[in-house]
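Here is a short briefing on side-chain packing, cysteines and one polar site. Please keep the structure open while reading.

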Amino acid sequence: MEVNYMKTKRVIEPEQTEFSGLSCDLLVTPDDAEGFFNVIEIRVAPQMGAPMHISLDEYKFFKIISGNVKFYAEHKVWKLQGGDSVIIKKGDKHGFTNIGETIATILLVSSPSRHVDFFREMGALPTPHDPRQVMKVCERNRQQLIMPE
């Protein structure tokens with residue numbers, strides 16, 4: 001018996017969402033790959049990014065397509081540019097900031113697929129974001145924000 005885990009399709013007009021200086025194309029969603037992984041193209045406004053956080057269940061691969069990004073992983077800091085990649089294992093602290101003067105583009109692949117739902121929920125929040133609502137979205141999607149000391 002053949003088991004098909006992915007839908008074969010052409011991604012013409014991906015679902016899009018925006019929040020906190022991030023504009024995202026949801027290229028592969030949980031429905032496309034039965035929750036095994038997702039692929040998201042993220043355009044990051046200058047001086048914006050993702051705060052330090054822990055993804056409790058996800059392994060992540062980030063590929064910098066264009067721009068200059070300062071990437072934080074555990075106790076390391078890297079200045080990355082187009083062509084550079086980072087792998088983050090589940091449970092590791094990480095975050096990034098666009099340190100350039102133009103939009104940076106990052107491709108994110110993560111498994112299992114949780115980030116699509118997280119991005120959808122964040123994009124649906126009213127702005128400015130109520131920190132309590134952000135924390136609830138994080139909790140539902142197994143993301144843990146690391147508060148600055």
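The points below cover aromatic pairs, cysteines and the surroundings of one serine. The model is predicted. Searching the whole structure gives six aromatic pairs. The number of disulfides is zero. Ser110 makes side-chain polar contacts with Asn38 and with Glu58.

**Aromatic pair Phe19 and Phe119**

- The ring centres of Phe19 and Phe119 are 5.3 Å apart, with planes at 70°. An angle over 60 degrees counts as edge-to-face, so that is the class of this pair.
- Phe19 sits in strand β1 (residues 15-19), while Phe119 sits in helix α1 (residues 115-124). The pair therefore ties together parts that are 100 residues apart in sequence.
- Phe19 is buried, at 9% relative accessible area. Phe119 is buried as well, at 4%.
- Phe19 and Phe119 join Phe118 in one aromatic cluster.

**Aromatic pair Phe71 and Phe96**

- Here the ring centres of Phe71 and Phe96 lie 6.0 Å apart and the planes meet at 20°. Planes under 30 degrees apart count as stacked, so the Phe71 and Phe96 pair is stacked.
- Phe71 belongs to strand β6 (residues 68-73) and Phe96 to strand β9 (residues 93-98). This pair links parts that are 25 residues apart in sequence.
- Phe71 is buried, with a relative accessibility of 0%. Phe96 is buried too, at 4%.

**Cysteines**

- Why does Cys24 form no disulfide? The closest cysteine sulfur, in Cys138, is 14 Å from the sulfur of Cys24, which is too far for a bond. The cut-off for a disulfide is 2.5 Å between the sulfur atoms.
- Cys138 is likewise in no disulfide, with Cys24 holding its nearest cysteine sulfur.
- Cys24 is buried, with a relative accessible area of 0%. Cys138 is also buried, at 3%.

**Ser110 and its surroundings**

- Ser110 is placed in strand β10 (residues 104-111). Its relative accessibility is 1%, so Ser110 counts as buried.
- Which side chains make polar contacts with the side chain of Ser110? The side chain of Asn38 does so at 2.6 Å. The side chain of Glu58 does so at 3.2 Å.
- Setting aside neighbours within four places in sequence, Ser110 is in contact with Phe36, Phe37, Asn38, Glu58, Tyr59, Lys60 and His115.

Notes:
Residues numbered from 1 in each chain as written. Predicted model: local features only at pLDDT ≥ 70, side-chain atom pairs only at ≥ 80, totals over all residues. Heavy atoms only, no water. Phe/Tyr/Trp six-rings, centres within 6.5 Å; stacked < 30°, edge-to-face > 60°. Helix = DSSP H or I, 4+ residues; strand = E, 2+ residues; numbered from the N terminus. Buried < 20%, exposed > 50% of the residue type's maximum accessible area, 1.4 Å probe, protein only. Polar contact = N/O pair within 3.5 Å; in protein donor to acceptor, adjacent residues only side chain to side chain. Contact = heavy atoms within 4.5 Å.
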